[in-house]
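Here are some notes to read alongside the model, written for someone meeting it afresh. Take the points in order and keep the view open as you go.

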Number of protein chains: 2
Amino acid sequence: MARKYIDNPNACSLVHTMNIIGNKWKPIILYLLSNGSMRFGMLNALIPTISKKVLTNQLKELENDGLLLRQSFAEIPPRVEYSLTEKAVGLLPVLRMLSDWANEAYPKMEFEQCRIIENVKKPAYNNVSYEKP
Amino acid sequence: MARKYIDNPNACSLVHTMNIIGNKWKPIILYLLSNGSMRFGMLNALIPTISKKVLTNQLKELENDGLLLRQSFAEIPPRVEYSLTEKAVGLLPVLRMLSDWANEAYPKMEFEQCRIIENVKKPAYNNVSYEKP
DNA sequence: AATAGTGGTAACCAAAAAGTAACTAATGGC
DNA sequence: GCCATTAGTTACTTTTTGGTTACCACTATT
């Protein structure tokens with residue numbers, strides 16, 4: 001029987017991808033931005049369980065990895081818009097597949113649709129229905 | 001302008017998938033097992049930078065999530081074989097896409113191929129060429 | 001009689017990640 | 001003059017994760 005081993009497992013592209021998006025928040029951020037650019041405060045409101053510090057940090061990392069574009073407007077109060085780069089857009093179908101896989105593999109879990117709800121009258125960040133688990 | 005918000009972001013299937021495989025070691029483990037079943041010691045040797053405790057833990061979690069089958073043989077010294085379940089096999093093409101994406105998005109990084117090398121004469125776990133970064 | 005081999009576990013410690021609360025700058029509205 | 005607003009930052013604490021070492025059971029080999 002042939003023995004097998006993998007050469008330098010930590011330098012492969014799958015590991016790299018996981019280092020970039022394989023955590024709790026980043027897929028959500030990418031998903032939210034797939035519908036267009038969004039401000040910091042809106043992202044913060046749409047992911048109520050994230051803290052500002054961590055969100056800032058995740059956004060910075062995504063920007064450094066070339067997945068996010070950050071546009072800061074010289075206004076008072078400040079406005080900063082985040083949007084996906086081409087790289088990130090190329091990742092969207094794969095994220096979709098990951099999502100589809102879970103729906104198939106764990107049919108009993110009946111996941112929420114992660115749906116985007118339009119036309120909220122009040123600013124979303126004052127009006128979020130989600131509650132901490 | 002329509003405001004948007006996402007309802008209960010933490011319960012969606014993408015987040016679930018990331019909870020299951022979105023970390024440092026699990027994609028590597030799944031990748032290694034994609035060629036067939038493997039013993040604990042072999043996995044430990046093929047991922048030299050992982051500690052036994054963490055590997056044990058990751059394998060348990062993957063088993064609990066239905067991605068791995070654990071077969072323990074009543075021999076001395078003990079033998080335990082890990083293999084992919086159907087669920088996990090369904091995930092392999094998606095892992096492949098994640099890997100392909102990184103190769104395209106970061107062409108300058110020239111990742112290692114994560115190649116499996118056959119016909120090593122000595123047991124791989126005494127003969128691993130990989131060195132800690 | 002001692003040692004090697006396997007697949008772990010337990011106790012303990014270090015490092016990384018995440019959460020909390022308070023604070024900032026600059027302006028508009030009351 | 002005071003408060004609200006936005007996108008953070010800073011200092012500090014807590015939680016989570018990962019790593020280290022020693023140990024076990026059981027047998028075959030030396």
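Which helices and strands each supply at least two residues of the surface near DNA strand C?

1. **The surface near DNA strand C.** Please keep in mind that this is a predicted model. Chain A supplies at least two residues from helix H4 (52-64), and chain B does so from each of helix H3 (40-46), helix H4 (52-64) and strand E4 (79-84). With four residues, H4(B) gives the most to this surface. By class, the residues here are nine nonpolar, five polar and seven charged.

2. **Who comes nearest to DNA strand C.** There are 21 residues around DNA strand C, and those that come nearest are A:Lys53, B:Thr56, B:Arg70, B:Pro78 and B:Tyr82. If you look at the DNA side, 61% of the atoms of strand C that come within 4 Å of the protein are from sugar and phosphate.

3. **Lysines at DNA strand C.** Three lysines are worth finding in the viewer. A:Lys53 has a polar side-chain atom 2.4 Å from a base oxygen of DNA strand C. From the other chain, B:Lys52 places a polar side-chain atom 2.9 Å from a base nitrogen of DNA strand C. B:Lys60 meets the backbone of the DNA instead: an N or O atom in its side chain is 3.1 Å from a phosphate oxygen of DNA strand C.

4. **The surface near DNA strand D.** Now turn to the other DNA strand. Here H3 (40-46), H4 and E4 of chain A each supply at least two residues, as does H4 of chain B. H4(A) provides the largest share, four residues. The classes are eight nonpolar, five polar and seven charged residues.

5. **Who comes nearest to DNA strand D.** Of the 20 residues around DNA strand D, the nearest are A:Lys52, A:Arg70, A:Pro78, A:Tyr82 and B:Lys53. Sugar or phosphate accounts for 61% of the atoms of DNA strand D within 4 Å of the protein, and bases make up the rest.

6. **Contacts to the backbone of DNA strand D.** Which atoms of chain A meet the sugar and phosphate of DNA strand D? The side chain of A:Arg70 has an N or O atom 2.6 Å from a phosphate oxygen. A:Pro78 takes part through a polar backbone atom, 2.8 Å from a sugar or linking oxygen. A:Val80 also uses a backbone N or O atom, which is 3.4 Å from a phosphate oxygen.

7. **The sheet of chain A.** Three strands of chain A form an open antiparallel sheet in the order E2-E4-E3. Strand E2 (38-39) and strand E3 (68-73) are at the edges and have a single partner strand each, so one side of each has no neighbour in the sheet. E3(A) and strand E4 (residues 79-84) of chain A run antiparallel and are joined by six bridges. Within this pair, A:Gln71 is opposite A:Glu81, and A:Ser72 is opposite A:Val80. A hairpin of five residues links E3(A) to E4(A).

8. **A residue to trace through chain A.** A:Phe40 sits in helix H3 of chain A. What does A:Phe40 touch, leaving aside residues up to four places away in sequence? Its partners are A:Lys52, A:Leu55, A:Thr56, A:Leu59, A:Val80 and A:Tyr82. A:Phe40 and A:Arg79 are 39 residues apart in sequence, with their C-alpha atoms 8.0 Å apart in space.

9. **The sheet of chain B.** Chain B has an open sheet of three strands, with the order E2-E4-E3 and antiparallel pairing. Why does one side of E2 (38-39) and of E3 (68-73) lack a neighbour in the sheet? Both strands stand at the edges, each with a single partner strand, so one side of each is left free of a neighbour there. Two bridges pair E2(B) with E4(B) in the antiparallel sense, and B:Arg39 has B:Glu81 in E4(B) as its bridge partner.

10. **Two packed helices in chain B.** Helix H2 (residues 26-33) of chain B packs against H4(B) at an angle of about 75 degrees, and their axes are 10 Å apart. H2(B) is therefore roughly perpendicular to H4(B). H2(B) makes the contact with B:Lys26, B:Ile29 and B:Leu30, while H4(B) uses B:Leu55, B:Gln58, B:Leu59, B:Glu61 and B:Leu62. Five of the residues in this contact are nonpolar, one is polar and two are charged.

Conventions. Residues numbered from 1 in each chain as written. Chains lettered and ligands numbered in written order. Predicted model: local features only at pLDDT ≥ 70, side-chain atom pairs only at ≥ 80, totals over all residues. Heavy atoms only, no water. Near = heavy atom within 4 Å. Polar contact = N/O pair within 3.5 Å; in protein donor to acceptor, adjacent residues only side chain to side chain. Nonpolar A, V, L, I, M, F, W, Y, C, P; charged D, E, K, R; others polar. Pairing = 2+ DSSP bridges. Axes fitted to C-alpha atoms, helices over the stretch in contact; angles between N-to-C directions. Parallel < 35°, antiparallel > 145°, perpendicular 65-115°, else oblique. Contact = heavy atoms within 4.5 Å.
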